[in-house]
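Reader: I should be grateful for a close look at one part of this protein, namely its strand pairing towards the C-terminal end. Please set that part in the context of the whole chain.

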Amino acid sequence: MGASHDHHGHNHAHGHSHGHGGHNHGPVDTGDWRYGLGLLVNLAFVGVEFGAGLWSGSTALMADAGHNLSDVLGLAMAGGAAVLARRAAGSRLTYGFGKATVLAALANALLLIFACGAIAFEAVQRLADPAPLMSGVIMIVAGIGFVINLGTALLFMRDQHTDLNARGAYLHMMADAGISIGVVIAGAVIMVTGWSILDALVSLAIVAVILIGTWSLLKDSIHLALDAAPRNVDMTKLRAALLNLTGVREVHDLHVWGLSTTEAALTAHLVHDRADASVLLAEAQTLARRDFGIGHTTVQLETDTLPDCPAC
């Protein structure tokens, strides 16, 4: 693990520590069947809901159907990315296809924003020209949609905090559940009062809620696409923890980036004065995996700061 040799006049130890025990490499297994099930159920409901929207004259139902269609595409991308991420690494894609999950999460966020624009456009048109609605049909169809969307969202709830891709699917489906319950309430009010303009107003209110919820997904997925450190890795604490390892005098060239939406990699140079370099490598690996969830660790050990890092 640690081989001492002379480099640019500085004697140092260079080692690569790759932790595998006790850590799951590759995406968290959110279960490909969940994406498939959500895809099939929601695709069938899109057809039913859009047809009911045309029949009843409800903008909210048609807008929700359009948003559900974007969710179907999002689930297809998320599921496809999860399958790709399990493929073995190759001679060029040496880290495998894990980054596909990041691209899918980014695409899902952009899809949500696009869907919100389409819903808002249609709702504004209906505000200017409200039409009579079949409130009973609206309530029944939206109620069914609420059950389907909530059930699909619950499939991904457990993994939403550890997998950005799963969080994208969860946010998609929870947003749809919110839309559906809003449409049910609007239908009930319209039935009592006859205020069909509420259909469009509810659509606009739900668009605002979706956009607020999508912001964090968009921001996190862009950061991971740019190889930023994952949100759950505090770089200041990580640097301090490495400096606290016995014999470590300096830490430089510290980099952490996401290999996928669930796993991260680390590279670092540690300047030290220990004789047991292999033990130090193991300690650094264990620290990164146990305290920061980083499973791929590459550490270069140096007895003096090398001239290849002048800024250090």
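Author: What follows describes the strands first and then the rest of the chain.

The model is a predicted one. Its protein chain holds 8 helices and 5 strands, and from the N terminus the elements follow the order β-β-α-α-α-α-α-α-α-β-β-α-β. The part requested concerns strands E3, E4 and E5.

Strand E3 covers residues 248-258 and strand E4 residues 264-272; the two run antiparallel and are joined by 8 bridges. Together E3 and E4 make a hairpin, with 5 residues between them. Within this pairing, Val256 lies opposite Leu266 of E4.

On E5, the arrangement changes in direction: E4 and E5 run parallel, with 7 bridges joining them. One of the residue pairs here consists of Leu270 and its bridge partner in E5, Leu301. To pass from E4 to E5, the chain goes through helix H8, residues 277-292, and the resulting β-α-β crossover is right-handed.

Strand E5 itself, residues 296-302, is mostly covered, as 7 of its 7 residues are buried. His296, Thr298, Gln300 and Glu302 point one way from the strand, while Thr297, Val299 and Leu301 point the other way. Both sets are buried, whereas for the 312 residues of the protein chain the buried share is 49%.

The nonpolar cores give the wider setting. The largest has 25 residues, and Leu61, Val141, Ile179, Val183 and Ile210 have the most contacts inside it. At least two residues of this core come from each of the helices H1 (32-56), H2 (59-85), H3 (99-128), H4 (135-157), H5 (164-193) and H6 (197-225). Helix H6 supplies the largest share, 6 residues. A second core, separate from that one, has 23 residues, among them Ala241, Val256, Ala264 and Val299. Val256 is thus both a member of the second core and the residue opposite Leu266, and Val299 of E5 is one of the buried residues listed above.

Helix H3 also contains Glu122, which is partly exposed because its relative accessible area is 26%, a value between the 20% and 50% limits. The C-alpha atoms of Glu122 and Ser203 are 9.0 Å apart in space, although the two residues are 81 apart in sequence.

For the chain as a whole, 74% of the contacts between residues at least 6 apart in sequence join residues at least 24 apart. The accessible surface comes to about 14300 Å², and carbon and sulfur atoms account for 66% of that surface.

Methods: Residues numbered from 1 in each chain as written. Predicted model: local features only at pLDDT ≥ 70, side-chain atom pairs only at ≥ 80, totals over all residues. Heavy atoms only, no water. Pairing = 2+ DSSP bridges. Helix = DSSP H or I, 4+ residues; strand = E, 2+ residues; numbered from the N terminus. Core = buried A, V, L, I, M, F, W, Y, C linked by side-chain atoms within 4.5 Å. Buried < 20%, exposed > 50% of the residue type's maximum accessible area, 1.4 Å probe, protein only. Contact = heavy atoms within 4.5 Å. Areas by Shrake-Rupley, 256 points an atom, 1.4 Å probe, with all protein chains shown as cover. Right-handed = clockwise from strand over helix to strand, strands pointing away.
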